[in-house]
Amino acid sequence: MKMDIAFGQYCEGNSLLHRLDPRVKIIITILYIVAIFMAKNVFAFALMLAFTVALVIMSRLSVRVILGGLKPIMFIALFTAVINIFFYKGDEPLVAFWVIKIYKEGLINAGLIVLRILMLLTATSMFLTYTTTPIALTDGLEQLLSPLSKIGVPVHDFAMMMTIALRFIPTLIEETEKIMNAQKARGADFSSGGLVKRAKAIVPIIIPLFVSAFRRAGDLATAMECRCYTGGKGRTRMNVLRAGARDFLFTFVIIALGAGVILINIYAPGYSV
Amino acid sequence: MAELELSGVNYIYNKGTPYETHALKDINLKIGGGITGIIGHTGSGKSTLVQMFNGLVKPTSGTVKLDGEDIWEKKDRVREARFKAGLVMQYPEYQLFASTVYEDIAFGPRNMGLSEEEVDKRVRAAAAFSKLPPEAMARSPFDLSGGQKRRVALAGVIAMNPAFLVLDEPAAGLDPGGRRSILGGIKEFGKNSGTSVIIVSHSMEDMASYCDRIIVMASGRVIMDGNCSEVFSRYNELIGVGLDVPQVTRIASALSHRGLDIGRDVYTVGYAAGKLCEMLDGDVK
Ligand SMILES: Nc1ncnc2c1ncn2[C@@H]1O[C@H](COP(=O)(O)OP(=O)(O)OP(=O)(O)O)[C@@H](O)[C@H]1O
Ligand SMILES: [Mg+2]
């Protein structure tokens with residue numbers, strides 16, 4: 001059993017995207033999502049596509065990594081495409097065969113929807129995972145949500161829990177691999193037998209994993225208390241987030257993009273979704 | 001005598017990703033009989049190498065043979081290899097899971113499909129070999145001390161009666177008394193049962209006192225392979241790869257510079273003490 005995690009796959013780099021303020025990236029991502037759902041016709045899609053390609057180029061990530069990241073969504077995208085091709089009704093069918101009628105509008109519609117799904121995933125992972133460390137992301141989220149703490153939402157504590165959880169995912173995966181190897185070395189077999197046998201085979205992994213997770217949690221709590229951690233009150237930061245010129249510029253570009261999409265929707269004709 | 005043979009073995013972690021690590025480079029080895037030590041700097045590939053022996057990791061290229069049979073040729077061979085080359089992983093105390101020590105040691109033998117009677121015999125023998133007191137058998141492994149947990153893990157592998165006993169840093173993190181008792185026990189076990197033992201260690205002293213043959217690794221390659229005197233005489237090369245010779249060897253060499261020559265092949269404290277007594281008053285104690 002090999003454990004791959006695409007989740008939280010940060011790619012080291014120093015591109016413009018990497019250096020954007022995480023708070024700004026969160027806001028930009030939301031605006032981007034709004035823009036892509038507002039896009040109604042081919043010209044608006046062309047604008048979005050141009051922007052998304054520009055993002056990919058700007059991030060200086062390898063295209064292979066990005067295409068690899070799209071793999072899991074491919075099935076859903078194709079499924080949506082097929083449904084659209086067969087069930088969309090237009091004026092006159094291109095192909096008519098038995099009960100199946102395929103319309104030109106259906107094809108275009110399917111193409112645009114697939115494009116929308118792929119661009120959505122590319123852009124969000126570009127902003128939030130490939131170029132942002134999980135830690136920076138939770139930091140950004142904490143500060144964006146900090147007004148909520150005024151009405152009693154423990155924002156800092158949630159952010160801290162999230163940071164710790166993210167921090168320990170790779171550790172736990174590594175640990176699981178080690179424990180699995182140790183039990184395999186004693187002849188444990190995880191890949192054969194019926195359901196009951198397989199479920200039983202997990203016991204020798206789960207128990208040591210839990211024991212060590214609790215031990216780690218205890219150790220971490222002690223270590224935090226030894227350094228006088230008492231929650232968010234009065235805590236200062238080593239890396240203070242400061243939005244700079246490029247952050248404002250980027251936000252402006254995204255807003256302009258949204259405005260462009262709206263204008264195109266209104267004034268340019270074309271096939272609409 | 002069982003024999004383990006690696007030819008042209010390469011191993012690459014995370015192949016094809018930006019995190020690619022070439023952990024083993026063209027390893028050719030033949031091991032059988034006696035106690036073999038594997039030594040090398042942190043990250044030199046020792047743990048990766050020993051996981052090749054029982055088929056936990058599959059070589060990216062090259063073959064691993066146990067008794068002349070390629071363990072990756074057929075699917076069930078790998079499982080056989082697990083029992084033939086019993087591996088005790090680094091920090092094995094974290095793999096304990098059963099409700100009692102007895103049950104934990106019995107895990108391996110039960111996986112082999114042995115009868116309960118045979119399992120019972122092996123568990124008790126293994127516990128005796130690794131010096132676990134009989135009254136510990138009914139206790140929970142989680143209530144034991146670190147050193148005792150390690151003995152339980154060791155017994156869990158010994159109970160499978162492997163032809164090779166492979167230990168990854170069996171003495172790491174133990175006090176000197178614990179080290180001596182675990183390593184001494186392993187040496188004795190190897191001698192009494194005819195099992196070939198392979199020990200991974202950082203400690204030159206341990207290597208010198210317990211091993212017949214030493215394999216030195218550096219950045220994924222085997223750079224030296226021989227007995228103590230062959231390996232420790234290449235002092236400068238060892239320093240070059242971040243290793244050392246036993247402290248007492250350095251003392252002996254410093255003494256010879258100052259005119260008290262007790263020879264260059266001094267690797268253990270006991271031997272040095274004997275030699276010194278002999279030279280100082282001719283009275284060996
Ligand atoms: N699961 C893994 N995934 C990726 N790389 C790994 C993995 N395990 C080991 N490596 C890499 O392979 C190389 C060899 O590691 P290995 O654990 O074999 O070293 P070692 O000699 O046992 O070190 P130590 O003395 O610290 O135990 C190292 O560069 C390490 O970073
Ligand atoms: Mg190691």
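How many salt bridges count between domain 1 of chain B and domain 2 of chain B? Let's work towards that in this predicted model.

**Exercise 1. Count the salt bridges between the two domains of chain B and identify the partners.**

Step 1: Set the bounds. Domain 1 of chain B covers 4-244, and domain 2 of chain B covers 246-285.

Step 2: Look for charged side chains across the boundary. Those of Arg250(B) and Asp244(B) meet in a salt bridge, at 3.1 Å from N to O. This N to O distance satisfies the cut-off, because a salt bridge requires the two atoms to be within 4 Å.

Step 3: Give the total. The count between the domains is one salt bridge. For polar contact, the count is two residue pairs, both at pLDDT 80 or more.

**Exercise 2. Work out which elements and residue types form the side of domain 1 of chain B that touches domain 2 of chain B.**

Step 1: Find the elements giving two or more residues. These are α7 (204-210) and α8 (228-232) of chain B.

Step 2: Rank the shares. α7(B) makes the largest, with four residues.

Step 3: Sort by type. This side has five nonpolar, two polar and two charged residues.

**Exercise 3. Describe the extent of the contact between the domains and find the three residues of domain 1 that bury the most area.**

Step 1: Place the domains. Their C-alpha centres lie 32 Å apart, and the contact takes nine residues from domain 1 and five residues from domain 2 of chain B.

Step 2: State the area. Together the domains bury about 630 Å², with 67% of it on carbon and sulfur atoms.

Step 3: Name the contributors. Glu205(B), Phe232(B) and Asp244(B) supply 52% of the area that domain 1 buries against domain 2, more than any other three residues.

Technical notes: Residues numbered from 1 in each chain as written. Chains lettered and ligands numbered in written order. Predicted model: local features only at pLDDT ≥ 70, side-chain atom pairs only at ≥ 80, totals over all residues. Heavy atoms only, no water. Domains from an automatic or database assignment. Contact = heavy atoms within 4.5 Å. Buried area = accessible area lost by both parts, 1.4 Å probe. Polar contact = N/O pair within 3.5 Å; in protein donor to acceptor, adjacent residues only side chain to side chain. Nonpolar A, V, L, I, M, F, W, Y, C, P; charged D, E, K, R; others polar.
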